[in-house]
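Morning, everyone. I have one structure to walk through today, so please take a look at it with me.

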Amino acid sequence: MIIPNLMVTDMARSVAFWRDALGFAVTMTVDAARESRFGPEADPDASVFTILEGAGGQLMLQTVESLAADLPSFAGGLPDRPGIGIYLRDLSPDEVLTRLPEGAVLKAPETAWYGMRELFLRDPDGHVICVAAAEGPAPA
């Protein structure tokens, strides 16, 4: 299983984005004292590491400061444009669009030649996300 771990600058803001706009649920958090909390006890507002579930998979969020503490060479923080893109299949682009904050959309929902309706957006830290759902059969 591959689980992306995205570096974030503001955990509460990032969790709110993934939870409220994309429908993910928080399953675990770890605070700065390395105390873990699960399920309803999880507190993303006080965490430096959060695991979320949604769209048939898991996603990890980790603060830049937390990663730099474990990996000093990362102390420089996030690049201007993070080099990762996430493709979330089987979420309705049109429904997600209604929940996005202003400025998040890179490309409005559009059906691609290969039969997927796609919405491109950025999360609060600039990670590129494509939300997609099949719309009819794939082309021959």
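Start at a turn. Glycine 115 takes a positive phi near 90°. This glycine belongs to the hairpin of strand 7 and strand 8, with four residues between the strands. Before going on, a caution: this is a predicted model.

Now the strands on either side of that turn. Strand 7 covers residues 105-111 and pairs with strand 8 in the antiparallel sense. Four bridges hold that pairing. Which residue of strand 8 stands opposite threonine 111? That is arginine 117.

Follow strand 8 onward. On its other pairing, strand 8 is joined to strand 9, residues 128-134, by seven bridges. These two strands also run antiparallel. Arginine 117 turns up again here, with alanine 133 as its bridge partner in strand 9. So keep an eye on arginine 117: threonine 111 is opposite it in one pairing, and alanine 133 is its partner in the other.

The second hairpin, strand 8 to strand 9, has five residues between the strands. It has a glycine with a positive phi near 90° as well, and that is glycine 126.

How covered is strand 8? Mostly: of its seven residues, 116-122, five are buried. A general reminder for anyone looking at side chains here: in a regular strand they alternate between the two faces of the sheet.

Stay with the loop between strand 8 and strand 9 for a moment. Aspartate 125 forms a salt bridge with arginine 13, and the closest N and O atoms are 3.4 Å apart. Why does this pair tie together parts that are far along the chain from each other? Aspartate 125 sits in that loop and arginine 13 in helix 1, residues 11-21, so the pair links parts 112 residues apart in sequence. The two ends differ in cover. Aspartate 125 is buried, at 10% relative accessible area. Arginine 13 is partly exposed, at 37%.

How many salt bridges does the structure hold? Seven. I will show two more. Arginine 19 and aspartate 20 meet through their side chains, at 3.0 Å from N to O. Arginine 19 counts as partly exposed, with 35% relative accessibility. Aspartate 20 is partly exposed too, at 45%.

The other one joins arginine 37 and aspartate 31, at 3.3 Å from N to O. Is aspartate 31 buried or exposed? It is buried, because its relative accessible area is 17% and the cut-off for buried is under 20%. Arginine 37 is partly exposed, at 34%.

Next, aromatics. The count comes to three aromatic pairs. One of them is phenylalanine 17 with tryptophan 18. Their ring centres are 6.2 Å apart and their planes stand at 80°, so the pair is edge-to-face. Both residues, phenylalanine 17 and tryptophan 18, are buried.

Another pair is tryptophan 18 with phenylalanine 24. Here the centres are 5.2 Å apart and the planes are again at 80°, so this pair is edge-to-face as well. Tryptophan 18 and phenylalanine 24 are both buried. Put the pieces together, and Phe17, Trp18 and Phe24 make one aromatic cluster.

Those rings are covered. Now some that face out. Which residues form a nonpolar patch on the surface? They are Tyr87, Trp113 and Tyr114, with about 390 Å² of accessible area together. Tyrosine 87 lies in strand 6, residues 85-89. Its relative accessible area is 41%, which makes tyrosine 87 partly exposed.

Let me step back to the whole chain. It has three helices and nine strands. Read along the sequence, the order is β-α-β-β-β-β-α-β-α-β-β-β. Strands 7, 8 and 9, where I began, are linked by four bridges between 7 and 8 and seven between 8 and 9.

Some totals to finish. The chain has 140 residues, and 40% of them count as buried. About 7,900 Å² is exposed, with carbon and sulfur atoms supplying 54% of that area. What share of contacts between residues at least 6 apart in sequence joins residues at least 24 apart? The share is 54%.

That's the tour. Questions, please.

Conventions. Residues numbered from 1 in each chain as written. Predicted model: local features only at pLDDT ≥ 70, side-chain atom pairs only at ≥ 80, totals over all residues. Heavy atoms only, no water. Patch = residues over 30% accessible without salt bridge, like charges linked within 9 Å, V, L, I, M, F, W, Y side chains within 5 Å. Areas by Shrake-Rupley, 256 points an atom, 1.4 Å probe, with all protein chains shown as cover. Salt bridge = Lys/Arg side-chain N within 4 Å of Asp/Glu carboxyl O. Buried < 20%, exposed > 50% of the residue type's maximum accessible area, 1.4 Å probe, protein only. Pairing = 2+ DSSP bridges. Phe/Tyr/Trp six-rings, centres within 6.5 Å; stacked < 30°, edge-to-face > 60°. Contact = heavy atoms within 4.5 Å.
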